[in-house]
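Hi,

Here is the model I promised to pass on. Have a look at it first, and my notes on what turned up follow right below.

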Amino acid sequence: MRGANQSSVSEFLLLGLSRRPQQQQLLFMLFLSMYLATVLGNLLILLAISMDSRLHIPMYFFLSNLSFVDICFSSTIVPKMLANHMLGSQTISFSACLTQMYFVFMFVDIDNFLLAVMAYDRFVAVCHPLHYSAKMTHQLCALLVTGSWVIAILNVLLHTLLMARLSFCADNTIPHFFCDVTPLLKLSCSDTRINQMMILTEGALIMITPFICILVSYILITCTVLRVPSTKGRWKAFSTCGSHLAVVSLFYVTIIGVYFNPLSSHSSEKDTTATVMYTVVTPMLNPFIYSLRNRDMIRALGKVVGRKIFSVQ
């Protein structure tokens, strides 16, 4: 076995989602369509928010950041997978694998923090509507987003450095479509107990703390809404939170199921299916979830699409 900071493996093989040629063609078209829908949908959200002055409020500021992160998140994974299929290659270098892993989980962490920030924004809007403008200042919003980026960058840097110190001596086949933490740990011929301990402690703390903040925010929101006398008023208050709750559910169920279990309990098939949900499906669905039930967003998107059609004509 080599030293802790060396590796006999210079590249890995990403097996993807299927080895059958017919299934590979179908999956290529499916993932290409989903990626294009993700980029287009989130770009439209960004354009709509930037062009409509009525959407220049904290809720949409956080949503625009979430859309930007979702574009970057999908672009870290899907283009490489599609390129491998087009070129007939499954290889990814050791350094490129660690780089991909770093950016994937950096964007996962930022998504995690942004969802918590958005829950706090909804809590202030519903529970303290008269003080909303005073509490959710531009400076606070910028600080919350900047803090999310800084913490995510430093957290994932720690886990990437811990991964870089491991040795990979024999098998270099990753039964996955990107460089994920769990398959890499299984391939290592080093002692991975420190890595696993850090994932289950520090990594869990980073993920669960925002989740607890979201739960507390929505418990307080529910208590406030239930005190509203009219049914119409209750529905209006809950409707502003429904989209965010749907995204939170999609995101956390898969993340917790994949990463915060002992390594021995993982299977490549279950992990791959779950990671498709949060890496590809959720970023694609976010624009639809946030826009379909939001009249302001629908109106802003209508203006953007209308302008594009008019300019083409």
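On the surface of this predicted model, there is a nonpolar patch made of Val150, Ile153, Leu154, Leu157 and Leu161. Together these residues have about 430 Å² of accessible area. If you want one residue to start from, try Leu154, which sits in helix α5 (residues 138-164). Leu154 counts as exposed because its relative accessible area is 53%, and the cut-off for that class is over 50%.

While you have helix α5 on screen, take a look at Ala142, which has its place there too. With a relative accessibility of 35%, Ala142 is classed as partly exposed. Its C-alpha atom is 9.2 Å from that of Phe61, although the two positions lie 81 residues apart in the chain numbering.

Now for the overall layout. The chain has 10 helices and three strands, and going along the sequence you will meet them in the order β-α-α-β-α-α-α-β-α-α-α-α-α. Of the 313 residues, 48% are buried.

Next, the pocket I spent some time on. What is the volume of the second largest pocket? It comes to about 330 Å³. The lining of this pocket consists of 18 residues, and those nearest the centre are Leu15, Gly16, Gln24, Met81 and His85. Two helices, α1 (21-51) and α2 (58-87), each contribute at least two residues to that lining. How does the lining of the second largest pocket divide by class? There are nine nonpolar and nine polar residues, and no charged ones.

Helix α1 also holds Asn42. Asn42 is buried, since its relative accessible area is 1% and the limit for buried is under 20%. Asn42 and Asp70 are 28 residues apart in sequence, and their C-alpha atoms are 7.5 Å apart in space.

On to the charged pairs. How many salt bridges does the structure hold? The count is three, and the partners sit in rather varied surroundings, so here is each pair with its accessibility:

- Asp52 and Arg54 pair through their side chains, with 3.4 Å from N to O. Asp52 is buried, at 7% relative accessible area, whereas Arg54 is partly exposed, at 45%.
- Asp121 and Arg122 form a salt bridge with an N to O distance of 2.8 Å. Both Asp121 and Arg122 are buried.
- Arg193 and Asp191 meet at 2.6 Å, N to O. Arg193 is exposed, with a relative accessible area of 62%, while Asp191 is partly exposed, at 42%.

Why does Asp191 fall in the partly exposed class? Its 42% relative accessibility lies in between the two limits, because buried means under 20% and exposed means over 50%. The same limits put Arg193, at 62%, among the exposed residues.

If you only have a few minutes, I would open the nonpolar patch around Val150, Ile153, Leu154, Leu157 and Leu161, then turn to the second largest pocket with Leu15, Gly16, Gln24, Met81 and His85 nearest its centre, and finish with the buried pair Asp121 and Arg122.

Cheers

Terms used. Residues numbered from 1 in each chain as written. Predicted model: local features only at pLDDT ≥ 70, side-chain atom pairs only at ≥ 80, totals over all residues. Heavy atoms only, no water. 1 Å grid on protein atoms, 1.4 Å probe; cavity = no way out; pocket = protein on both sides within 12 Å on 5 of 7 lines; lining within 4 Å. Points joined across faces, edges and corners; volume = space filled by probe spheres on them. Helix = DSSP H or I, 4+ residues; strand = E, 2+ residues; numbered from the N terminus. Nonpolar A, V, L, I, M, F, W, Y, C, P; charged D, E, K, R; others polar. Patch = residues over 30% accessible without salt bridge, like charges linked within 9 Å, V, L, I, M, F, W, Y side chains within 5 Å. Areas by Shrake-Rupley, 256 points an atom, 1.4 Å probe, with all protein chains shown as cover. Salt bridge = Lys/Arg side-chain N within 4 Å of Asp/Glu carboxyl O. Buried < 20%, exposed > 50% of the residue type's maximum accessible area, 1.4 Å probe, protein only.
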